[in-house]
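The following exchange asks how the descriptive terms applied to a structural model are justified by computed values. Each reply sets a value beside its definition before drawing a conclusion.

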Amino acid sequence: MSRRATIEKRLPDPDPLFNSQLIQRFINRMMQRGKKSNAQRLFYASLDLIKERAKQQEALEVFNKAIKNVTPLVEVKARRVGGSTYQVPVEVKQSRGVALATQWIITNSRKRPGRTFAERLSAELLDAANGAGASVRKRDETHKMAEANKAFAHYRY
């Protein structure tokens, strides 16, 4: 880590369709083997499927609500104190929370049963927007773990 200046955070250019940095970060996280065009095609196809399935809601609203529902507020970090390791609950910064949420949504949509990835991603986003699904369960598990280890909060760094 540099002792001189703090490095400014590089933000990706917004995506071409919705002009949103969040969507571009999501697409970059989806990307495998550097194939961004495939990731974009799959993401926009999943938004089209969401538009068909959720008639009364806008696809972008469903996406933003899903990210918001999955974003954790606290997490646990391992901290070694005197030879033993404690799981210390730590508040999550907004950028890290969104990164965890996108990671969990993509991972759980890859594990889902279904034909195409666009179908699986759209189903996971719809479930997350409705407060169900594996991604929301992961967030709840993280919160429960932090609640259970609240006694070690004084080891926070």
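Q: What stands opposite Arg80 in β2, and what stands opposite Lys77 in β2?
A: Arg80 faces Thr85 of β2, while Lys77 has Val88 of β2 as the residue opposite. The model is a predicted one, in which local features need pLDDT of at least 70 and side-chain atom pairs count only at pLDDT 80 or more, whereas totals for chains, interfaces and linings use all residues. Residues are numbered from 1 along each chain as its sequence is written, and side-chain values use heavy atoms, with hydrogens and water left out.

Q: What makes β1 and β2 a pair of strands?
A: Two strands pair if DSSP finds at least two bridges between them, and strand β1 (residues 74-81) is joined to strand β2 (residues 84-91) over 8 bridges in the antiparallel sense; the criterion is therefore met. The two strands form a hairpin with 2 residues between them, and Gly82 in the turn has a positive phi of about 60 degrees.

Q: How many helices and strands are there in the chain, and what are these elements taken to be?
A: There are 6 helices and 2 strands, where helices (H or I, at least four residues) and strands (E, at least two) are DSSP runs, numbered from the N terminus. From the N terminus on, the order of the elements is α-α-α-β-β-α-α-α.

Q: Why is α3 called roughly perpendicular to α4?
A: The axes of helix α3 (residues 59-70) and α4 come within 8 Å and cross at roughly 105 degrees. Angles of 65 to 115 degrees count as roughly perpendicular, those under 35 as roughly parallel, those over 145 as roughly antiparallel and the rest as oblique, so α3 is roughly perpendicular to α4. In this contact, Ala66, Ile67 and Val70 of α3 meet Val98, Ala101, Thr102, Trp104 and Ile105 of α4, and by class the residues comprise 7 nonpolar, 1 polar and no charged.

Q: Why is α4 called oblique to α5?
A: The axes of helix α4 (residues 94-111) and helix α5 (residues 117-129) come within 8 Å and cross at roughly 125 degrees, a value that belongs to none of the other classes, so α4 counts as oblique to α5. The contact brings together Ile105, Ile106, Asn108, Ser109 and Arg110 of α4 with Phe117, Arg120, Leu121, Glu124 and Leu125 of α5, and its residues divide into 5 nonpolar, 2 polar and 3 charged.

Q: How do you know whether Asn108 is buried or exposed?
A: Buried means under 20% relative accessible area, exposed over 50% and partly exposed in between (1.4 Å probe, protein chains only). Asn108 has 13% relative accessibility and therefore counts as buried. Asn108, which lies in helix α4, touches Glu124, Ala134 and Ser135 when residues up to four places away in sequence are not counted, contact here meaning heavy atoms within 4.5 Å.

Q: Why is Met31 called partly exposed?
A: The relative accessible area of Met31 is 27%, so this residue of the loop between α1 (21-30) and α2 (36-53) is classed as partly exposed. Met31 touches Lys36 and Ala39, not counting residues up to four places away in sequence, and the C-alpha atoms of Met31 and Leu42, 11 residues apart along the chain, are separated by 9.9 Å.

Q: What percentage of the residues of the chain count as buried?
A: Of the 157 residues of the chain, 36% count as buried.

Technical notes: Axes are lines fitted to C-alpha atoms, for helices over the stretch in contact, and angles run from 0 to 180 degrees between N-to-C directions. Ala, Val, Leu, Ile, Met, Phe, Trp, Tyr, Cys and Pro count as nonpolar, Asp, Glu, Lys and Arg as charged, and the others, Gly among them, as polar.
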